[in-house]
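I opened the notebook to record what I looked up in this structure, taking one topic at a time.

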Amino acid sequence: VAVVVLSVLTAGFWIGTTAAQGTSATVSPRQRCLALNDLKIPATSIGLPTNGATVVSATFVTATDAGNTNGEFCKVLGGIHAVDPTAPDIKFEVNLPTRWNNRTLQMGGGGFDGTLVTGLGGASNQIPTSPTPLALGYVTLGSDSGHETAGGFDGRFALNAESFANFGRLQIKKTHDAAIVLMQRAYGESPRINYFVGTSQGGREALTVAQRYPQDYNGIAANVPIVGFSSLMLGPELIRIQEKPSANWVPPAKVNAIRGEFIRQCDKLDGLADGIINNYMACRAVFDLSQGAADRNPWAAKRCPNNVDPNPADTTNAACLTDGQIST
């Protein structure tokens, strides 16, 4: 039993494994990391059309490096080349821990993307930050979704069809496939478990993963996914268009005066003044300014003299309303 348990615990850890290219098991993790520099990933290894990918740098990060809380790992930066020569690369980062748990965690972006998702921390994706997934042994990865922006919602990248398609869905699969190649080269095997997690735009990407590439993942977490992005952007603008000046605010102190005016004008509409409004349809018509004369004002009796409220804190039926409050 001890032998079996030991083999399970050590299986997949970089230490003591043999890389796919036939490297000796005695080669150090640093050497294996540095060997990934300038690696060319052929287009045939990526399940969607590309011009292949290139590793730009592979840096070995030790557990004692300043500011590193992720343990020992290999930080790989690269680019996936577009079919359209005018489209930008998909820039990606893949972090390969020395002690691998045979699992990967791909992270989505936010906003209009355009910023490299490093996978070094988890705060932006609502996943643990201490210890980080990388420190727990996960290979972590992310991309800039195929374009770079200064942040926010710069949508000029969408003028290029391939760049727009990468942002919409393609970059997820392309980044995943490129990362699998790196894991095969580094560890000599593919991961047993693949996860995707994203928030906001990344949550939308997570739903895209579930819809389009479910065979590539074993678990998906979509946090507050922004599915109707246009509506999300337009919603606040529509609200602002309808907003009124702060002087038009109707404070809670006016509730009794408003209720009293409803009773005064509507109680008798059912033929009985008993403090109960039964003919609510007729009452609604009284206060519906889309009906009747264009210049009528059902609140005229509650208007403050000279449009000045003498006692804004008055909570009685006698409280008055300013023109702004009546407008509201």
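I began with the second largest pocket of this predicted model, and sorted its lining by class, which gave eight nonpolar, three polar and one charged residues. I then put its volume at about 180 Å³. Rolling a probe the size of a water molecule over the atoms shows where empty space is left.

Next I listed the residues that line the second largest pocket: Phe112, Gly155, Phe157, Ala158, Phe164, Phe167, Gln201, Arg204, Ile226, Val227, Phe229 and Ser230. I asked which helices each supply at least two residues of this lining, and found helix H3 (161-187), helix H4 (201-212) and helix H5 (229-242).

Since H5 is among the helices supplying the lining, I looked at it separately. How does the expected span of the 14 residues of H5 stand against the distance between its end C-alpha atoms? At 1.5 Å a residue the helix should span 20 Å, and the end C-alpha atoms lie 21 Å apart, which agrees. I also noted that H5 bends by about 25° at Gly235, and that a proline, Pro236, follows within four residues. Is H5 largely enclosed or largely in the open? Of its 14 residues the number buried is one, taking buried as under 20% relative accessible area, so H5 lies largely in the open.

I then turned to the sheet. Eight strands form an open sheet with mixed pairing, and I wrote down their order as E1-E2-E3-E4-E6-E5-E7-E8. The edge strands are E1 (40-41) and E8 (219-223), each of which pairs on one side only.

From the E8 edge I went one strand inward along that order to E7 (residues 193-199), which pairs with E8 in the parallel sense over five bridges. Within this pairing I found Tyr195 standing opposite Gly219 in E8.

My last entry concerns strand E3 (residues 73-80), of whose eight residues six are buried, so that E3 is largely enclosed by the rest of the structure. What are the partners of E3 on its two sides? With strand E2 (residues 53-61), E3 pairs in the antiparallel sense over eight bridges, and here Thr59 has Lys75 in E3 as its bridge partner. With strand E4 (residues 90-97), E3 again runs antiparallel, joined by eight bridges, and the partner of Val76 in E4 is Val94.

Notes: Residues are numbered from 1 along each chain as its sequence is written. This is a predicted model: local features need pLDDT of at least 70, side-chain atom pairs count only at pLDDT 80 or more; totals for chains, interfaces and linings use all residues. Side-chain values use heavy atoms; hydrogens and water are left out. Buried means under 20% relative accessible area, exposed over 50%, partly exposed in between (1.4 Å probe, protein chains only). Two strands pair if DSSP finds at least two bridges between them. On a 1 Å grid over the protein atoms alone, a cavity is a set of points where a 1.4 Å probe fits but cannot get out, and a pocket is an open set with protein on both sides within 12 Å along at least five of seven lines; lining residues have an atom within 4 Å of a point. Grid points are joined across faces, edges and corners, and a volume is the space filled by probe spheres set on the points. Ala, Val, Leu, Ile, Met, Phe, Trp, Tyr, Cys and Pro count as nonpolar, Asp, Glu, Lys and Arg as charged, and the others, Gly among them, as polar. The expected span of a helix is 1.5 Å times one less than its number of residues. The bend at a residue is the angle between axes fitted to the seven residues ending there and the seven starting there.
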